[in-house]
Amino acid sequence: MLAPFLVVLVFVLVITTTTQIPYVVITLRSVAEEQRTLALGVQGVIFRIAGSVPGPIIFGALFDASCVYWQEECGDRGNCWVYDNEDLSYRLLGFTVGVRILTVLCAFCTWVLFDVTLCKHGRSEHDKEDLEVSQNPQS
């Protein structure tokens, strides 16, 4: 039982980490050269805030929604004693897959809009220099 879990876990981690590079490339290609370090810093802060603040709240709500039996103490609801494991797994998987699909759609829209912008306005001078260097390498 542990081996299939580890195989799936490694697969998911590889897929998740390989999506990080395109985001960095999109950021670096979207801003001026002198603002790239600032853009990467702002992107990192936004990613941390967007994941660190609502993430635990959302996952806590998903866990609470799957609770079958709550602890009652003096008329107040306490901790959950029993979870519906099947319902919990479907909720967590559904939320995670939904967020991943939304992420892929946003990345695709960014790619399409970025490509349209390049076609409309032409390549930047920096891109032209890179293209010339790659076509005429000096020894």
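A polar contact is taken here as a pair of N or O atoms within 3.5 Å, of which, within protein, one must be able to donate a hydrogen and the other to accept it. In the predicted model described here, this term applies to the surroundings of Ser 66, a residue in the loop between helix H4 and strand E1. The backbone nitrogen of Leu 88 lies 3.5 Å from a polar atom of the side chain of Ser 66, and the side chain of Ser 66 also makes a polar contact, at 3.0 Å, with the side chain of Asp 87. Ser 66 counts as buried because its relative accessibility is 1%, where buried means under 20%.

Asp 87, the partner of Ser 66 in the 3.0 Å contact, also takes part in a salt bridge with Arg 91, in which the closest N and O atoms are 2.8 Å apart. Side chains of opposite charge can pair when their charged atoms come close. The structure holds one salt bridge, and its two residues, Asp 87 and Arg 91, both lie in helix H5, where they are four residues apart, about one turn of the helix. With a relative accessibility of 25%, Asp 87 counts as partly exposed, and Arg 91, at 32%, likewise counts as partly exposed.

The loop that holds Ser 66 leads from H4 to E1, and strand E1, residues 67-73, is joined by five bridges to strand E2, residues 76-83, the two strands running antiparallel. Within this pairing, Trp 70 has Cys 80 of E2 as its bridge partner. E1 and E2 form a hairpin in which two residues stand between the strands, and Cys 74, in the turn, has a positive phi of about 60 degrees.

Helix H5, which spans residues 85-121, is also one of the helices that line the largest pocket, a pocket that contains about 1,200 Å³ of space. At least two residues of the lining are supplied by each of H1 (2-18), H2 (20-30), H3 (36-52), H4 (54-65) and H5, and the largest share, 13 residues, comes from H5. The lining comprises 32 residues, of which Thr 16, Thr 96, Val 99, Arg 100 and Thr 103 lie nearest the centre of the pocket. By residue class, the lining divides into 19 nonpolar, eleven polar and two charged residues.

Terms used:
Residues numbered from 1 in each chain as written. Predicted model: local features only at pLDDT ≥ 70, side-chain atom pairs only at ≥ 80, totals over all residues. Heavy atoms only, no water. 1 Å grid on protein atoms, 1.4 Å probe; cavity = no way out; pocket = protein on both sides within 12 Å on 5 of 7 lines; lining within 4 Å. Points joined across faces, edges and corners; volume = space filled by probe spheres on them. Nonpolar A, V, L, I, M, F, W, Y, C, P; charged D, E, K, R; others polar. Pairing = 2+ DSSP bridges. Salt bridge = Lys/Arg side-chain N within 4 Å of Asp/Glu carboxyl O. Buried < 20%, exposed > 50% of the residue type's maximum accessible area, 1.4 Å probe, protein only.
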